[in-house]
Amino acid sequence: MGIRFILMVNKQGQTRLAQYYEYLTIEERRALEGEIVRKCLARSEQQCSFVEHRNYKIVYRRYASLFFLVGVDNDENELAILEFIHLLVETMDRHFGNVCELDIMFHLEKAHFMLEEMVMNGCIVETSKPNILAPIQLMDKAS
Amino acid sequence: MAGGTSSLMDTLFQRNLDDVIKGLRLQLIGESAFISKALDEIRRELKSTDPHSKSTALHKLSYLSSLHHHDMSWAAFHVVEVMSSSRFAHKRIGYNAASLSFHDATPVLLLITNQLRKDLTSTNELEVSLALECLSRIATADLARDLTPEIFTLLSSSKVFVRKKAIGVVLRVFAKYPDAVRVCFKRLVENLDSSDPQILSAVVGVFCELASKDPGSYLPLAPEFYRILVDSKNNWVLIKVLKIFAKLAPLEPRLAKRVVEPICEHMRRTGAKSLMFECVRTIVSSLSEYESAVRLAVAKIRELLVDDDPNLKYLGLQALSIVAPKHYWAVLENKEVVIKALSDADPNIKLESLRLVMAMVAESNVMEISRVLVNYSLKSDPDFCNEILGSILSTCSRNVYEMIIDFDWYVSLLGEMSRIPHCQKGDEIENQLIDIGIRVKDVRPELVRVARDLLIDPALLGNPFLHRILSATAWVSGEYVEFSRNPFELMEALLQPRTSLLPPSIRAVYIHSAFKVLIFCLHSYLLQRESITSTCPDNLALGVSELVLKREMPEGSDLATCEGPPAHGEQDEGFNPRVSNQSFEDLSVENGGERIISHGQTSTPGTLENGYTYESIVNLLNLIELALGPLIGSHDVEILERARNLLCFIELIKGKLPECLVQKEENLESEEMKASKIIELMCDAFSEELCPVSVSAQERVPIPEGLVLKENLDDLETICGDIQLPPSISFSLGSPHYEEGVSASLSDLQSKEESEPSNESTSLLREHRKRHGLYYLPSEKNEIVATDYPPANDPKLQDYLNKDADDLVKLTEESLVAKKKANHAKPRPVVVKLDEGEVVSISAKRPELKDDLLSGAVREVLLGSDTRTTSSRSNPSDKSSSKRKGKEKLNIGPSELKDNLGDAEKHEHENPSSRRSRHRTHGKERRHKSPGKISEETEENGQKGKQKSSHHHAKHKARRRADTPLDVVSQTTVIPDFLL
């Protein structure tokens with residue numbers, strides 16, 4: 001499975017984006033997000049970005065007011081996931097121009113599209129920014 | 001989404017998603033009210049016939065579902081409608097909603113097969129990609145089966161954008177419908193040769209996932225992976241390939257030898273920490289027998305450990321804990337860093353280093369490490385303190401305390417842990433105290449001492465986390481009261497006023513223990529009195545034994561039934577009048593007196609001095625009556641029952657006691673006998689030893705002949721339906737003290753009848769004692785252990801704490817460098833163990849059927865086997881199974897099974913031979929799994945089903961045919977020589 005889910009959560013703990021690669025019921029998602037947010041947001045900047053949760057790990061990184069949390073299997077490479085998060089942020093930066101929480105709120109489907117280009121079935125399939133953004137630009141042009 | 005052009009009024013005034021988000025942010029009417037209003041709108045709008053307003057409504061709904069957790073399963077049908085819209089913008093919303101909300105049980109999934117097929121074959125690559133994305137999230141077995149042909153086509157699409165997504169979707173399709181492997185696998189493998197980096201990264205990702213579930217099946221692809229490992233410049237791809245090799249290398253030593261150098265090369269060269277870490281992890285987890293590679297990896301780990309970045313430090317510790325079991329030196333080299341990390345600011349790092357420290361624990365250093373860690377826990381925050389305690393407890397108790405040599409030490413450590421202010425491990429400590437008490441005979445004196453220290457401290461009663469521990473200590477001191485130095489003191493501790501703070505169930509244990517202590521005191525008093533009354537002054541010991549023996553004859557050996565040491569102590573003497581020191585010590589200890597170091601005749605008077613006078617016994621009885629009197633009115637059944645038992649017993653005894661105690665003449669012998677007989681009977685009952693019971697003991701009880709057991713106990717329901725246990729009764733059958741109570745009272749009833757047989761067991765016990773005498777600890781040693789460790793909260797300890805880190809560093813150095821076993825001052829006592837073997841057999845697990853199907857299919861495709869066999873890869877430890885071409889089919893003929901086994905056997909011998917020569921050497925049988933690659937060409941798709949069921953010879957021909965053209969994979973059937 002590799003990546004199990006990707007969450008973006010703001011400082012107040014509100015979910016801004018949630019992408020799951022395994023099916024969870026609404027209740028399970030609510031519980032999971034609650035637990036994880038409580039666990040990760042309480043940590044300080046000086047602490048490491050990896051948290052063990054249940055039987056998997058969460059790799060997270062904070063950008064301004066937004067936390068990017070990725071749940072991965074135990075044998076996933078943590079540093080690669082951190083790079084993945086960074087790549088995601090850079091990609092969004094390139095698309096939105098200095099991305100902020102509001103961009104993601106109002107263009108949630110675009111953020112989803114980027115993720116879909118990058119990750120499939122929990123595997124990272126695409127890591128080149130132009131390649132990720134190409135279909136989105138195509139769609140923008142079309143509409 | 002804005003800018004709808006429909007002329008409908010609805011649409012003009014419909015709120016789009018942006019409006020909803022803005023409304024949510026404004027929060028004019030509160031979030032939940034706003035959302036429920038929005039949901040009402042959405043419900044209405046979804047029914048609209050206008051595709052635009054419908055899709056906008058769905059868009060809003062998916063947003064609310066995804067981020068605000070509102071159910072949207074009710075809109076499933078609308079999702080299907082919007083998916084089938086002809087406008088891309090609408091379709092997109094529909095697909096998005098589907099991948100968000102559909103799951104295996106969604107009924108409308110049946111309706112979308114055709115829609116998906118249409119979009120998969122669309123000329124618009126964005127539409128194809130939408131369908132593929134969606135399929136990768138929601139594919140069910142049916143969908144996967146029905147759409148496999150389309151995906152097969154897309155796997156060789158000329159558009160990279162589509163092809164890479166088709167590759168991505170394959171993973172889900174295979175998982176849901178393993179037969180798809182037969183169709184798609186070859187094309188998937190072909191994509192490994194692609195020069196396009198996008199394709200490559202997608203396909204390597206898929207193989208990484210596949211290989212992680214069943215690495216053995218993918219061994220034949222090793223050359224492809226190797227090529228990527230050497231050639232690729234993409235770190236993402238390299239990391240995935242490394243993960244694959246980490247799985248493959250342990251299966252095939254020749255492969256490991258081949259890849260270790262390139263991996264080291266990457267490790268040296270790369271500037272990317274992620275790749276470097278992956279190399280390190282691969283080396284330490286899968287290639288740990290290559291010394292030079294491990295050295296390099298450990299050097300890299302060191303770099304990580306000393307880095308300021310907490311992430312790298314954490315990963316370094318993790319990597320180190322993988323190396324630790326096989327390469328101790330790696331931990332040694334980095335011990336300062338590891339120890340320093342114990343006091344890191346980050347709890348995760350602390351935890352990781354704690355694990356590492358615990359991994360270092362061995363028989364030789366367990367005492368030192370535990371000592372330092374306990375001190376460490378004193379100054380840690382509560383959470384980490386309990387982590388430390390928990391890991392000490394679990395490490396030390398691992399495998400029935402195999403690491404513990406000196407149980408006296410361990411028991412006092414348990415006592416010390418209990419006193420740590422943050423300690424919340426009461427349950428675990430309780431279990432271990434009782435468990436050790438039952439299993440390890442020789443530690444009981446120390447156990448009782450520890451229990452007494454805990455019991456007697458009124459402060460501990462106020463801490464609810466300790467109640468369970470106190471329950472254990474109360475039980476221990478009642479059960480093994482014969483080792484107590486001062487039973488009166490114990491009794492006071494058990495009845496102290498603050499016990500009212502305990503929960504009823506534990507209080508009941510206290511009362512019951514008090515009962516046992518009382519019986520012990522009375523019994524000892526009687527014995528002692530008798531010994532005085534009938535002693536010949538010049539040979540005291542002999543007198544005692546004579547008396548005992550005399551008494552035994554007429555009374556059916558009451559004393560002998562008493563299995564506790566008092567009986568044998570004296571009998572030992574009786575049979576051997578020139579007693580050794582030891583038996584005297586035994587006598588004195590068991591009589592409840594002080595440990596008497598002086599030898600010989602003086603010991604008995606010693607017992608008298610501190611022992612049981614008439615006054616002390618009467619005081620004792622009064623104390624109990626005073627303390628338990630109020631409990632007669634208790635509302636808790638357990639307490640009430642036990643308090644009454646005890647009080648009634650006192651009532652019974654008190655009537656007789658004065659005479660029998662006062663009268664020193666023999667004229668009232670019969671009266672005296674009556675009272676003492678009761679006491680002795682009780683004593684017998686309580687001194688019945690409790691032993692650990694095997695988990696599977698119940699199964700071993702043979703079902704008596706003629707006993708008809710009902711399968712169904714429903715009848716019972718009608719009889720006992722209305723009987724319910726009142727909730728306040730807190731007895732648990734599992735807890736040892738309760739069982740003890742039951743067994744005690746049972747054996748109490750039976751003790752009369754049992755007196756004959758138990759005579760025999762007494763002599764057995766005596767013999768045991770003689771034989772294992774050397775395990776009995778000398779008393780001086782006990783004293784030392786007892787005073788060695790100051791109580792945990794001792795203020796003197798504080799300055800000691802500061803040096804902890806240094807201490808631990810030093811001690812790990814000492815204890816690790818000097819790896820040979822230390823000379824232990826005392827031999828390890830016997831620890832009663834029961835049938836460990838059985839536990840292992842239970843834990844053996846079967847692989848999941850689905851995985852089996854998948855890996856079977858993969859093997860079949862890759863290795864060209866047509867042996868259809870066996871649902872059980874019966875022997876997972878068998879290395880050759882990785883190469884065995886076993887195909888999972890549920891119905892198999894026995895002959896085929898044999899075939900397959902033969903194959904597996906053959907394999908053992910033929911590893912190094914080349915493929916060609918194999919063909920010749922292993923005649924007919926060999927052929928069945930002859931390594932021709934199955935050609936899964938399109939035209940064969942139709943035959944697929946037939947082929948599966950057809951006889952394997954027919955299929956074999958087809959493979960032969962395909963053998964020549966498909967060079968790449970056919971080579972890989974056997975691990976090719978160039979790799980090995």
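**Exercise 1.** In this predicted model, check whether the end-to-end length of helix α28 (residues 467-479) of chain B fits its residue count.

*Solution.* Start with the count: α28 of chain B has 13 residues. Next, take 1.5 Å times one less than that number of residues, and the expected span comes out at 18 Å. Now look at the end C-alpha atoms: they sit 18 Å apart, so the two values agree.

**Exercise 2.** Is α28(B) enclosed or not by the rest of the structure?

*Solution.* A residue counts as buried when 20 or more other C-beta atoms lie within 10 Å of its own. Run that test along α28(B) and 13 of the 13 residues pass, so the helix is largely enclosed. For background, 44% of the 980 residues of chain B are buried, and the chain has 53 helices and zero strands.

**Exercise 3.** Describe the side of chain B that touches chain A.

*Solution.* First, the contacts: 41 residues of chain B meet 38 residues of chain A. Then sort the chain B side by class, which gives 18 nonpolar, 13 polar and ten charged residues. As for scores, the model has ipTM 0.95 and pTM 0.66.

**Exercise 4.** Where in chain B is confidence lowest, and where is it highest?

*Solution.* Begin with the whole chain: mean pLDDT is 72, with 64% of residues at 70 or more. Going helix by helix, the low point is α42 (residues 779-788) of chain B, with a mean of 36, while α7 (residues 113-120) of chain B tops out at 93. Residues 865-980 of chain B have pLDDT below 50, yet this stretch has 150 contacts beyond near neighbours in sequence. Go easy on those: where pLDDT is low, predicted coordinates shouldn't be read in detail.

Technical notes. Residues numbered from 1 in each chain as written. Chains lettered and ligands numbered in written order. Predicted model: local features only at pLDDT ≥ 70, side-chain atom pairs only at ≥ 80, totals over all residues. Helix = DSSP H or I, 4+ residues; strand = E, 2+ residues; numbered from the N terminus. Buried ≥ 20, exposed ≤ 12 C-beta atoms within 10 Å, placed from the backbone. Contact = placed C-beta atoms within 7 Å. Nonpolar A, V, L, I, M, F, W, Y, C, P; charged D, E, K, R; others polar. pLDDT = per-residue confidence, 0-100.
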